[in-house]
Amino acid sequence: MLLAQSGYPLLDLFWTMLVFFGFVVWFWLLFVIFGDIFRRDDIGGWGKAGWTVVIIILPIVGSLVYLIAEGRKMGERRQADAAAARKAYEHDVRRIAAVNGDTGGPTAQISEAKRLLDQGAITPEEYESLKAKALGRAVGEPA
């Protein structure tokens, strides 16, 4: 209410909000660009330093030039990173949730350890150690 009473016109308020959000978007864009620059493996240190200097010295022009020059490749790199992360996640899930027929899976290893425990071939401490190893945890670490 104070703004309305001080004679601050509504269009000035809208302009202020537009400028504020423009700065927020621009800073977000800088984070994305710098993240892309330093994640790239197709350019060396001098190339990364060059792009960084251009973007720091000429922020708006440098950002626009980078987006024009590398925009498509930026998207491709982000898609490749997301695909690699998904593949690694799926590999971990498959490794952990391996069926009993898979001799290398944690389920099969724990089943074998339980069978040995039931037969008396190993002690309960050895069983817990084998179980922790199969689950990829340190011995004594909570589940």
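## Salt bridges in the predicted model

Asp-81 and Arg-39 form a salt bridge, with 3.0 Å between the closest N and O atoms. Asp-81 belongs to helix H4 (residues 59–96) and Arg-39 to helix H2 (residues 10–39), so this pair ties together parts that lie 42 residues apart in sequence. Both ends have intermediate accessibility: Asp-81 is partly exposed at 36% relative accessibility, and Arg-39 is partly exposed at 44%. The structure is a predicted model, and its salt bridges number eight.

Three of these pairs are listed here with the distance between their closest N and O atoms.

| Acidic residue | Basic residue | Closest N and O atoms |
|---|---|---|
| Asp-81 | Arg-39 | 3.0 Å |
| Asp-42 | Arg-40 | 2.9 Å |
| Glu-70 | Arg-77 | 3.7 Å |

In the pair of Asp-42 and Arg-40, the closest N and O atoms are 2.9 Å apart. Asp-42 has a relative accessible area of 47% and is partly exposed. Arg-40, at 5% relative accessibility, counts as buried, because buried means under 20% relative accessible area.

Arg-77 pairs with Glu-70 at 3.7 Å, which falls within the 4 Å limit, so the contact counts as a salt bridge. Arg-77 counts as buried at 18% relative accessibility, and Glu-70 is buried as well, with a relative accessible area of 10%. Through salt bridges with shared partners, Arg-77 and Glu-70 are joined with Asp-36, Arg-40 and Asp-42 into one network.

Key:
Residues are numbered from 1 along each chain as its sequence is written. This is a predicted model: local features need pLDDT of at least 70, side-chain atom pairs count only at pLDDT 80 or more; totals for chains, interfaces and linings use all residues. Side-chain values use heavy atoms; hydrogens and water are left out. A salt bridge is a side-chain nitrogen of Lys or Arg within 4 Å of a carboxyl oxygen of Asp or Glu. Helices (H or I, at least four residues) and strands (E, at least two) are DSSP runs, numbered from the N terminus. Buried means under 20% relative accessible area, exposed over 50%, partly exposed in between (1.4 Å probe, protein chains only).
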